[in-house]
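New to this one? Here's a quick briefing to read with the structure open beside you.

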Amino acid sequence: MSAFVVAEAVEDYAAAHTTPVAPFLQALAAETRVALESPEMLTGEIEGRFLEFLVFLAQPQLVLEIGTYSGYSALSMAQALPPGGRIVTCELDPLRVAFARRQIARAGFDDRVEVRKGPALETVESLEGPFDSVFIDADKGGYHDYYEAVLPKLSARGLIVVDNVLWSGRVAQAPADDDSDSTRALRAFNDHVAADERVVNVMLSVRDGVTLVRRA
Ligand SMILES: C[S@@+](CC[C@H](N)C(=O)[O-])C[C@H]1O[C@@H](n2cnc3c(N)ncnc32)[C@H](O)[C@@H]1O
């Protein structure tokens, strides 16, 4: 099953009609494929550009990212930060932390993008906020707790962006005994957000599914 929820030819067509990725991000993606496991976790050109657009529109002072991996999505967003804006991005894996920090420094964004090593929930607890933008893109079993931890610290016009909510379309299929823990967790998370009267949300079929959430 592909990580895209639209046909691959359509995804390729959309990518070919999207402003090309900056050379430093192209190099980061290429080096990620060589140096790190699971390069399919890169958000890629369309979603990276989409995140950059959201930051361009919202002009956030503080962005929180949960799930850094190699730094691709953090640096995509960093390109559109307003003056004084910054990103705190959370990562558990020390190899990925070191890799992302090198990439962020090389791209000249280390004054605005900080990688916090450790469990994301602990980092969220240690931050006062308010968060103007939050990008949730770590372990799927943690989504519910990340969402509940960041929502009280979201600024009045803040936006939560949640990745992989369609999980290659598996969440839309009838529940089965052999569903993975991630599939079950994402179904429960999506139901939780849809029923949450504190927020307004829209689920988009961008890449592997992206939900945007704001306060009601
Ligand atoms: C899908 S990848 C993030 C991809 C990244 N946002 C990008 O677009 O390039 C998810 C990352 O979350 C990290 N992660 C998983 N559980 C975590 C936790 N509890 N705290 C912090 N990071 C975690 C994983 O090590 C992995 O690198």
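**The quick tour**

The protein chain has 8 helices and 7 strands. Its radius of gyration is 16 Å, close to the 17 Å that the globule rule gives for 216 residues, so the chain is as compact as a globular protein of that length. Keep in mind that this is a predicted model.

**Overall build**

- Measure along the principal axes and the C-alpha atoms of the protein chain fill a box of roughly 45 × 40 × 30 Å.
- As for burial, 40% of the 216 residues in the protein chain count as buried.
- Take the contacts in the protein chain with a separation of 6 or more: 71% of them come from residues 24 or more positions apart.

**The sheet**

- Seen strand by strand, the order is β3-β2-β1-β4-β5-β7-β6, making an open sheet of 7 strands with mixed pairing.
- At the edges sit β3 (113–117) and β6 (199–204), and each of them pairs on one side only.
- From one strand to the next, the twist averages 15°.

**A closer look at β2 and β3**

- Strand β2 covers residues 86–91 and pairs with β3 in the parallel sense, over 5 bridges.
- If you want a spot to click on, try I87: its bridge partner in β3 is V113.

**A helix across the sheet**

- Helix α3 (residues 44–58) lies across four strands you can pick out: β1 (62–66), β4 (131–136), β5 (154–163) and β7 (210–215).
- Relative to β4, helix α3 runs at about 170°.

Technical notes:
Residues numbered from 1 in each chain as written. Predicted model: local features only at pLDDT ≥ 70, side-chain atom pairs only at ≥ 80, totals over all residues. Helix = DSSP H or I, 4+ residues; strand = E, 2+ residues; numbered from the N terminus. Rg over C-alpha atoms; globule rule 2.2 N^0.38 Å. Buried ≥ 20, exposed ≤ 12 C-beta atoms within 10 Å, placed from the backbone. Contact = placed C-beta atoms within 7 Å. Pairing = 2+ DSSP bridges. Axes fitted to C-alpha atoms, helices over the stretch in contact; angles between N-to-C directions.
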